Amino acid sequence: MCSIIFDSFWRCLGLGSKEKCGPFFIGTKALLVYDIVSDFLYWNSVRDDEDVPEWARVLVLVFACLGVLVDAIGSCRVCCTSVPDAWGKDEAEASNRYTIGQKKLALAIVAAEDIPQLCMSTWITVVCKQSNMTTQYMLTVTGTVLNILRVILLSSGYL
């Protein structure tokens, strides 16, 4: 969520990026927000569920919060280290640093939040709820899988 704020300022103010806030940029950021919000909604749906162990409910919340934390810190760091300055960084180099930083941030979010959250929510659904798939589970899995696919495609250079 924080990446939307930082990235929008970075792009709209023209701080080294030749890219503007186009539909692809807005779509990828909306997908990231959907992923994070769906994780919190999933936690809300299992937080009082007696079928789910307490430690599993806590882990779902921890992974959701970790996604927000990595997004906030990573976005701030990427934008701060990518701004052209008076000591020789030009726009092309700043834009390249920004692109590389965004790819690393996306991979960090996948590793720290998406994959553990997917495993945890699937474990809760299969083991604790005996494969009783809820709407909240489907929402969080859809957001997580779409975000992982987006990161894989963007990091490998296909998009």
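**Close-up views of helices and salt bridges**

**View 1. Helix H3 has the length expected of its residue count.** At 1.5 Å a residue, the 28 residues of helix H3 (residues 54–81) should span 40 Å, and the C-alpha atoms at its ends are 40 Å apart, so the two values agree. This is a predicted model. The buried residues of H3 include Ala 56, Arg 57, Val 60, Phe 63 and Ala 64. Further along the numbering, Gly 67, Val 70, Asp 71, Gly 74, Ser 75, Val 78 and Cys 79 are also among the buried residues of H3.

**View 2. Glu 54 and Arg 57 form a salt bridge in helix H3.** Their side chains meet at 3.2 Å, N to O. Because Glu 54 and Arg 57 are three residues apart in helix H3, about one helical turn separates them. Arg 57 counts as buried because its relative accessibility is 10%, and buried means under 20%. Side chains of opposite charge can pair when their charged atoms come close.

**View 3. Arg 47 and Asp 48 form a salt bridge.** The structure holds two salt bridges, and in this one the side chains of Arg 47 and Asp 48 meet at 3.8 Å, N to O. Arg 47 is partly exposed, with a relative accessible area of 38%. Asp 48 is exposed, because its relative accessible area is 58% and the cut-off for exposed is over 50%.

**View 4. Helix H2 also has its expected span.** The 24 residues of H2 should cover 34 Å at 1.5 Å a residue; its end C-alpha atoms are 34 Å apart, which agrees. Among the buried residues of H2 are Phe 25, Thr 28, Lys 29, Leu 31 and Leu 32. The buried residues of H2 also include Asp 35, Ile 36, Ser 38, Asp 39, Tyr 42 and Val 46.

**View 5. Thr 28 of helix H2 touches Arg 150 and Leu 154.** Thr 28 lies in helix H2 (residues 23–46) and is buried, with a relative accessible area of 10%. The contacts with Arg 150 and Leu 154 leave out residues up to four places away in sequence. In H5, Arg 150 and Leu 154 are buried.

**View 6. Helix H5 is close to its expected reach.** Helix H5 (residues 135–156) has 22 residues. From its first C-alpha to its last, H5 reaches 32 Å, close to the 32 Å expected at 1.5 Å a residue. Its buried residues include Tyr 137, Thr 140, Val 141, Gly 143 and Thr 144, along with Asn 147, Ile 148 and Val 151.

Note on methods: Residues numbered from 1 in each chain as written. Predicted model: local features only at pLDDT ≥ 70, side-chain atom pairs only at ≥ 80, totals over all residues. Heavy atoms only, no water. Helix = DSSP H or I, 4+ residues; strand = E, 2+ residues; numbered from the N terminus. Buried < 20%, exposed > 50% of the residue type's maximum accessible area, 1.4 Å probe, protein only. Contact = heavy atoms within 4.5 Å. Expected span 1.5 Å × (residues − 1). Salt bridge = Lys/Arg side-chain N within 4 Å of Asp/Glu carboxyl O.
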